[in-house]
Amino acid sequence: MSDGKCPKCGTRITAFQAGFKGRKKPFECRGCGQKIQKANSELWLAMGAFAAFWGIKSQTDDIAVLAAVFFAMCAVIVLKSMYRAQIELADAVEGMAQEPSSS
Ligand SMILES: [Zn+2]
């Protein structure tokens, strides 16, 4: 477990991986190719952010304000994932049956 970094080589996950990969959805480390995944989720943060967005939207119809708020929210979510997400090895998941290696 480390903060937004591959546990194997320490390469930080990309903004795309931070923002668009869900919890327990394995992706490849761009540093070493190891399959890694986020152990936690920013879903509650995203929900709160969108609730706030709708609250602001009901107060103003200024598209520039709404766009600025929207992009700021996305940046916060992505950055938080990049720097705070718990990353684990995808093949080190406990409680799942190991696939038989038939080779
Ligand atoms: Zn790595």
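Strands β3 and β4 (residues 86–89) pair in the antiparallel sense over 3 bridges. Within this pairing, Ile87 of β4 is the bridge partner of Lys38. The model described here is a predicted one.

**Overall organisation**

The chain contains 3 helices and 4 strands. Read from the N terminus, these elements follow the order β-α-β-β-α-α-β. Of the 103 residues, 12% are buried. Among contacts with a separation of 6 or more, 62% are between residues 24 or more positions apart.

**Strands β2 and β3**

Strand β3 also pairs with β2: the two run antiparallel and are joined by 2 bridges. Here Glu28 stands opposite Lys35 in β3. The hairpin formed by β2 and β3 has 6 residues between the strands, and Gly33 in this hairpin takes a positive phi near 80°.

A positive phi also occurs at Lys24, with a value of about 65°, although Lys24 is not a glycine. Most residues other than glycine have a negative phi. Lys24 is placed in the loop between α1 (15–20) and β2 (27–28). Because 13 other C-beta atoms lie within 10 Å of Lys24, this residue is partly exposed.

**Gln37 in strand β3**

Gln37 belongs to strand β3, which covers residues 35–38. This residue counts as buried because it has 21 C-beta neighbours inside 10 Å, the criterion being 20 or more. Once neighbours within four places in sequence are left aside, Gln37 is in contact with Lys24, Lys25, Pro26, Phe27, Glu88 and Ala90. The loop residue Lys24 is thus among the contacts of Gln37.

**The nonpolar core and its alanines**

The largest nonpolar core comprises 7 residues, namely Cys6, Ile13, Ala18, Cys29, Ile36, Ala85 and Ile87. In soluble globular proteins, nonpolar side chains tend to be buried together.

Ala18, a member of this core, lies in helix α1. It is buried, since 22 other C-beta atoms are found within 10 Å of Ala18. Residues up to four places away in sequence not being counted, Ala18 touches Gly4, Ile13, Val78, Ser81, Met82 and Ala85. Two of these, Ile13 and Ala85, are listed in the core as well. On the same basis, Ala85 touches Gly4, Ala18, Lys38 and Asn40. Gly4 therefore appears among the contacts of both Ala18 and Ala85.

Two residue pairs are set out below by separation in sequence and in space.

| Pair | Separation in sequence | C-alpha to C-alpha distance |
|---|---|---|
| Gln37 and Gln86 | 49 residues | 8.4 Å |
| Ala18 and Glu42 | 24 residues | 9.5 Å |

**Packing of helices α2 and α3**

Helix α2 (residues 43–57) and helix α3 (residues 63–84) have axes that come within 11 Å and cross at roughly 170°. At this angle α2 is therefore roughly antiparallel to α3. From α2, the contact involves Leu45, Ala46, Ala49, Phe53, Ile56 and Lys57, while α3 contributes Leu66, Val69, Phe70, Met73, Ile77 and Lys80. By class, the residues of this contact divide into 10 nonpolar, no polar and 2 charged.

Conventions:
Residues numbered from 1 in each chain as written. Predicted model: local features only at pLDDT ≥ 70, side-chain atom pairs only at ≥ 80, totals over all residues. Core = buried A, V, L, I, M, F, W, Y, C linked by C-beta atoms within 7 Å. Contact = placed C-beta atoms within 7 Å. Axes fitted to C-alpha atoms, helices over the stretch in contact; angles between N-to-C directions. Parallel < 35°, antiparallel > 145°, perpendicular 65-115°, else oblique. Nonpolar A, V, L, I, M, F, W, Y, C, P; charged D, E, K, R; others polar. Pairing = 2+ DSSP bridges.
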